[in-house]
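Me: Please take a close look at the enclosed and open spaces of this model, with the parts that border them. I should like the criteria stated along with the values.

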Amino acid sequence: MEETYWDPELFEVREPETQTIPFVYNSPHSGRRYSRAFLESSRLDALGIRRSEDHFVDELFSAAPALGAPMLLAHFPRAYVDVNREPYELDPRMFIDAVPPYANSNSVRVAGGLGTIPRIVAENVEIYQRRLPVAEALSRIDTIYKPYHACLRKLIARTHARFGFGVLIDCHSMPGNIRIAGTGVRPDFIVGDRYGTSASADLSNAAIALLEDLGFTAVRNKPYAGGFITEHYGRPVKGLHALQIEVNRALYVDETNLAKRPHFAALAGSLSVFMEGMAEFVARYTGDSALAAE
């Protein structure tokens, strides 16, 4: 991008030499830089606190710049601040003093301990030894959350202005024990489009078909339809589409010790083929004129 207006230790944009496709890739939960102060404030050890990461998702989708699309990726951990939430989903139980009156403290995500400042990691395990000052939460929102979204908005706006069309692919992972209710099927991928509100059905169906052609089991929206990012940025009527892609962690990582499985590189290669296929589909879907780079 033209200028750096954030701390590169927190997140970065990996740019193609020239953006040639109307895609933006985003990996908001793969950050794995844990400060000493954060670790010391936690009741968890260095492995336990990582349970809520989307492990190595930034690496799985790392072909994006070579294919002609920018990729935004977090270095800060999701357990510290979650940018896939509203800016002020704050749990009053976490703080010494009162949360501001504009905070959304009644959301389902806050009730589950997974607000903007998470209270738990996976499996309902508490993060903190003691309650925090609310000023700490507001500082994280001001210094990380807001700059991250400003950067993402800029990437999406630039893409839309350049191509007249834009697709945000929000990249995530899910626990290996996820099953589809009523079927017992363990999906390899879940494509979320907020039940058709954040992206066209054609785009979602194309994503599923490409994954199935690669030999994977893929389903749509259940149990993950997309979070705040997908909902907030997907505006199909304006030519802005947002899909959330959830990768089953059992495909590529040992969830007990977070070591990559031997076929990690093969999965990343398959996802490169998937990404290329999505770009080809969109080129057909929008027509050559919409994709012509200036």
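Reply: The account below starts with the cavity, goes on to the pockets, and then turns to a helix, the loops and the aromatic pairs.

This is a predicted model, in which local features need pLDDT of at least 70 and side-chain atom pairs count only at pLDDT 80 or more, while totals for chains, interfaces and linings use all residues. Residues are numbered from 1 along each chain as its sequence is written, and side-chain values use heavy atoms, with hydrogens and water left out.

Searching the whole structure yields 1 cavity of 30 Å³ or more. On a 1 Å grid over the protein atoms alone, a cavity is a set of points where a 1.4 Å probe fits but cannot get out; a pocket is an open set with protein on both sides within 12 Å along at least five of seven lines, and lining residues have an atom within 4 Å of a point. Grid points are joined across faces, edges and corners, and a volume is the space filled by probe spheres set on the points. By this criterion the largest cavity has a volume of about 60 Å³. Its lining consists of Pro22, Val24, Ile156, Thr159, Gly166, Val167, Leu168, Tyr233, Leu240 and His241. Two or more of the lining residues come from each of helix H5 (134–163), strand S6 (166–174) and strand S9 (240–248); helices (H or I, at least four residues) and strands (E, at least two) are DSSP runs, numbered from the N terminus. S6 gives the most, with 3 residues. The lining of this cavity comprises 7 nonpolar, 3 polar and no charged residues, where Ala, Val, Leu, Ile, Met, Phe, Trp, Tyr, Cys and Pro count as nonpolar, Asp, Glu, Lys and Arg as charged, and the others, Gly among them, as polar.

S6 also takes part in the open spaces. The largest pocket has a volume of about 830 Å³ and is lined by 30 residues, with Arg78, Leu114, Pro175, Tyr224 and Arg249 nearest its centre. Strand S4 (120–121), S6 and S9 each supply at least two residues of that lining, and the largest share, 3 residues, is from S6. By class, this pocket is bordered by 10 nonpolar, 11 polar and 9 charged residues. The second largest pocket holds about 190 Å³ of space. Of its 15 lining residues, Leu10, Arg33, Phe76, Tyr80 and Ile144 lie nearest the centre. Here H5 provides the largest share, 5 residues, and the lining divides into 7 nonpolar, 4 polar and 4 charged residues.

S6 and S9 recur in the surroundings of helix H6. The buried residues of H6 are covered by parts that include S6, strand S7 (189–192), strand S8 (218–220), S9 and helix H8 (264–286). Leu203, Ser204, Ala206, Ala207, Ile208 and Leu211 are buried in H6, where buried means under 20% relative accessible area, exposed over 50% and partly exposed in between (1.4 Å probe, protein chains only). The 13 residues of H6 (residues 201–213) should span 18 Å at 1.5 Å a residue, and the end C-alpha atoms are 18 Å apart, which agrees; the expected span is 1.5 Å times one less than the number of residues. After H6 comes Gly215, with a positive phi near 95 degrees.

The loop between S8 and helix H7 (228–233) contains Pro223, and the peptide bond leading to Pro223 from Lys222 is cis, with omega near 5 degrees. Asn221 lies in the loop between S8 and H7; although not a glycine, Asn221 has a positive phi of about 75 degrees. Asn221 is buried, with a relative accessible area of 3%.

Finally, 13 aromatic pairs are found in the whole structure; rings of Phe, Tyr and Trp (its six-membered ring) pair if their centres lie within 6.5 Å, and planes under 30 degrees apart count as stacked, over 60 as edge-to-face and the rest as tilted. The rings of Tyr25 and Phe61 have centres 6.3 Å apart and planes at 35 degrees, so this pair is tilted. Tyr25 is in strand S2 (residues 23–27) and Phe61 in the loop between helix H2 (57–60) and helix H3 (64–67), so the pair ties together parts 36 residues apart in sequence. Tyr25 is buried at 2% relative accessible area, and Phe61 is buried at 0%. Ring pairs also link Tyr34, Phe38, Tyr80 and Tyr128 into a cluster.

Notes: Contact means heavy atoms within 4.5 Å.
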